[in-house]
Amino acid sequence: SKNIIWVRQINEKLMISDNQKKINFGTFNGDFYFTFESDGRLAVINRVDLEEILRGIVPSEIYASAHLEALKAQAVAARTEILSAIGHRHPATPYLLCATQHCQVYNGVGSYTNQTDKAISETFGQVMLFEKRFVKAVYSSNCGGYSEDNNIVWNEHKEPYLTAAPDADSNSEIYQKYKDGITEDNLEEFLYTADGSFCATSSFNNKKAFRWRIEISYDELINLLRKRFDIKNLTDIIIEGRGKSGRIRGITIISDDSKFYVDTEYSIRQLFGGLKSGLMTIEKKKSSDGRLISLIFTGGGWGHGVGMCQTGAIGMAEKGKMYPDILMHYYKHIRIEKVY
């Protein structure tokens, strides 16, 4: 565990005590370095050992009171994600990783727990490999019952281990019914019948995250859309394809004779004020004269849905699955190896 990781925290008001490595946003082990980023902001860099940084990441990224096998799966995923991200995430900065959701959330000593420390120590040095490289071990809070292909969500190279699949045992009724994918024809049915998936049956499942509904009025929609586009009104919204999980790949905004295209799952979610997931239907509510009144979004899951579903991992652990089984369910064709 001699790997050294650098993580930055940025805060306008820094307060460092005389004898402790404490800043007003937390307490951290390791060393501190101070420098400036290219935009002039002060970067506070924490130099810390790889296994030590996991003690601050794992409890910050998953429920620390979850089943131990789920915490072990999270520890291996987080360790792998660190090693796969180095040199790719922040190539032009004085640090290797950031301490936010962009890389992985890192909250230092204040987040340490005995249970997550145990999960980290019992998987010491273990990572996921695909062929001879580290797996891009992404994960999200709740997949809504179906994971997605990475290239669908991020328009990037397709990774053979990040493939869409129902979040259920391969011999289950849910898996067999939806294994070929979610389409416009069966999406609504899926949203109301996937309550037997691993994430749905987890004791940590948040029902408002697993299934949700939000209505946005016409005036609200215009205000949101004008943050990105120069439009006078909203005539229509057209869905431009879906991934295998049913997540929207792109949409076209129509305003009179103008059209505006939006792609990637995250961009679409942000366009409408931060929707929980791209796995959703869009219902157009109209007046008697055909004028658009509002849009009703009905969806499933919280997050991008690629890789490990954290709620589903807990559900699998609660059903007796061990962490290697959990990881190989969410990351296909991988192997787990101890690299140090």
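# Close-ups of a predicted model

**View 1. Helix 11 is mostly covered, with eight of its nine residues buried.** This is a predicted model, and the view follows the helix through residues 310-318. The buried residues are Gln 310, Thr 311, Gly 312, Ala 313, Ile 314, Gly 315, Met 316 and Ala 317. What sits over them? The cover includes helix 1 (50-61), helix 2 (68-85), helix 7 (198-201) and helix 12 (323-330), and it also includes two strands, strand 9 (139-140) and strand 16 (308-309). Just past the end of helix 11, look for Gly 320, which takes a positive phi of about 95 degrees.

**View 2. Ala 313 sits in helix 11 and is buried or exposed?** Ala 313 belongs to helix 11, and its relative accessibility is 0%, so it counts as buried. Leaving aside residues up to four places away in sequence, Ala 313 touches Ala 70, Met 308, Ile 326 and Tyr 330. Some of these partners fall in elements that also cover the buried residues of the helix, among them helix 2 (68-85) and helix 12 (323-330). For a sense of scale, pick out Lys 286 as well: Ala 313 and Lys 286 are 27 residues apart in sequence, and their C-alpha atoms are 41 Å apart in space.

**View 3. Cys 143 and Cys 309 face the disulfide question.** How far is the sulfur of Cys 143 from the closest cysteine sulfur? That neighbour is in Cys 309, and the distance is 3.5 Å, too far for a bond. The cut-off used here is 2.5 Å between the sulfur atoms. Seen from the other side, Cys 309 is in no disulfide, and its nearest cysteine sulfur is that of Cys 143. A search of the whole structure gives the count as zero disulfides. Both cysteines are tucked away: Cys 143 is buried with a relative accessible area of 1%, and Cys 309 counts as buried at 0% relative accessibility.

**View 4. Asn 155 has a positive phi in a loop.** Most residues other than glycine have a negative phi. Asn 155 isn't a glycine, yet its phi is near 55 degrees. You'll find Asn 155 in the loop between helix 4 (150-154) and helix 5 (173-178). Its relative accessible area is 47%, so Asn 155 is partly exposed.

**View 5. Asp 256 has a positive phi between two strands.** Here phi is about 55 degrees, again in a residue that is not a glycine. Asp 256 lies in the loop that links strand 12 (250-255) and strand 13 (258-263). With a relative accessible area of 48%, Asp 256 is partly exposed.

**View 6. Zooming out, the protein has 12 helices and 17 strands.** What is the radius of gyration of the protein? It comes to 22 Å, which agrees with the value near 20 Å that a compact globule of 340 residues would have. Along the principal axes, the C-alpha trace spans about 70 × 55 × 35 Å. Buried residues make up 53% of the 340. Among contacts with a separation of 6 or more, 65% join residues 24 or more positions apart. The accessible surface is about 16,000 Å², and carbon and sulfur atoms account for 47% of it. As for charge, there are 42 positive and 42 negative ones, with mean positions 2 Å apart.

Notes
Residues numbered from 1 in each chain as written. Predicted model: local features only at pLDDT ≥ 70, side-chain atom pairs only at ≥ 80, totals over all residues. Heavy atoms only, no water. Helix = DSSP H or I, 4+ residues; strand = E, 2+ residues; numbered from the N terminus. Rg over C-alpha atoms; globule rule 2.2 N^0.38 Å. Buried < 20%, exposed > 50% of the residue type's maximum accessible area, 1.4 Å probe, protein only. Contact = heavy atoms within 4.5 Å. Areas by Shrake-Rupley, 256 points an atom, 1.4 Å probe, with all protein chains shown as cover. Lys, Arg positive; Asp, Glu negative; His and termini not counted. Charge placed at Lys NZ, Arg CZ, Asp CG, Glu CD.
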